[in-house]
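Reader: Could you take me through this model with care, giving the criteria behind each term as we go?

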Amino acid sequence: MTNFNIVPDRRNASNSIKWAWYPKDVLPMWVADMDFLTPKPILSALHKAVDHGVLGYEMPMLPLKETVAERMNNLYSWKVKPEMVIAVTGIVSGLSVAARMACTPKRGVLVQTPVYNEFHEVKNNIGIPQLSAPFIKHVNGNIISYEIDWDIFEKQIKKAGMFLLCNPHNPLGIIFSRKELLKMAELCIKNNVLIVSDEIHSELLLDNNKFTPMAKLSAEIAKHTITLVSPSKTFNIAGLFCGFAIITDKDLRERYEKELNHLRLHVGSLGLIAAQTAFSGKCDGWLKEMNRYLTGNRDFIVDYVTEYMPDVRLTVPDATYLGWLDFTQTGIDGSPFEFFLKNAKVAASEGKIFGKEGEGHIRLNFGTSRKLLEQGLEQMRKALKSI
């Protein structure tokens, strides 16, 4: 059993972006990495590599690709062949490579907003237009939820070269249904639009929820889809920068590899070693325990906000360790991110970076100990009370 109530001191022991970005009196609950120790099997594999004493060039060999393919089969009964697996330095670089391949100045990238801030950077990095299909927001008491606006989606997809799907969704925590995935895929295929599915949070499932990859739905959908996966969020090894593009169509895969090679993007040796162990199944007991703990953290936030901050609205995510909180009814003048940074000494993620629909919102990382989570919420409660 892992005790997730105990987390290491990250303030002074590393170059952690999360913990070193803001002054020392600020509690960081922003960037999406967790405070939990990486699973022991991964640490052991890394220690073994370092103890060997040679850290030279390495490449993703067949055993690693077989491990990734086998994991897709074990998790989803998705028959992936090893040759369909391509190592990338991460999801962000992986989706940028796809955009270079699929988009033009006239046919850009479609995103569903509010969405992961790096999705918004694709248009700037590649020099292409961004098309947005905002979700429809629903409010029930203090709980907010979102659904796809199909009219806007169908209108915007006609102008796109690539649809960038975030599933499970960051920051909303949505796991899209089979019916929703099929309809999105149908519209993409009809309009000759490449589907790029960011599934990096697909193993961070709360309430024992189930997940189905977009490309698993049918051979026809798989032919038009690039699936991006990584152990980085699930096993807290984001700093090792290793992910995978799974591309079943041979022509699409060759085009992707050609573009990837142009950019000379190579995964570091320790990232490859960590990924091999992470996806081997050796850490699955740890993952099951952690998802149970994260579900408890999610429920703690919902209960705490409902009782002590009744004017705040929030999602109940099905996946991820990210909460989405709406402060538009609280009387905060301006950005809640700035308000809590100044008045509560809590750093969340600014809602506006996820799209204009995020104004008045923050994203809160609850991948930490219950004690630190409660501390952050308590500081926020006291700051709100001062208004």
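Author: Two strands pair if DSSP finds at least two bridges between them, and strands (E, at least two residues) and helices (H or I, at least four) are DSSP runs numbered from the N terminus. This is a predicted model, in which local features need pLDDT of at least 70 and side-chain atom pairs count only at pLDDT 80 or more, while totals for chains, interfaces and linings use all residues. Residues are numbered from 1 along each chain as its sequence is written, and side-chain values use heavy atoms, with hydrogens and water left out.

Reader: In what order do the 7 strands stand in the open sheet?

Author: The pairing in this sheet is mixed. β2 (85-88) and β4 (130-132) each have a single partner strand, so one side of each is left without a neighbour and both stand at the edges. The order is β2-β10-β9-β8-β7-β3-β4.

Reader: In what sense do β3 and β4 pair, and over how many bridges?

Author: V111 has S132 in β4 as its bridge partner. The chain crosses from β3 through α5 to β4 in a right-handed β-α-β crossover, meaning that, with the strands pointing away from the viewer, the path from the first strand over the helix to the second runs clockwise. The two strands pair in the parallel sense, over 3 bridges.

Reader: What angle does the direction of helix α7 make with that of β7?

Author: Strand β7 (residues 160-166) runs parallel to β8 (residues 194-198), joined by 5 bridges, and M162 has L194 as its bridge partner in β8. Helix α7 (residues 178-190) packs on the sheet and touches both β7 and β8, where contact means heavy atoms within 4.5 Å. With axes as lines fitted to C-alpha atoms, for helices over the stretch in contact, and angles from 0 to 180 degrees between N-to-C directions, the value is about 165 degrees.

Reader: Which element gives the most residues to the lining of the largest pocket?

Author: On a 1 Å grid over the protein atoms alone, a pocket is an open set of points where a 1.4 Å probe fits, with protein on both sides within 12 Å along at least five of seven lines, and lining residues have an atom within 4 Å of a point. The largest pocket is lined by 45 residues, with A32, D33, K233, A238 and G239 nearest its centre. The elements that give two or more residues to this lining are α2 (40-52), α4 (91-102) and α5 (117-126). The one that gives the most, with 3 residues, is α4.
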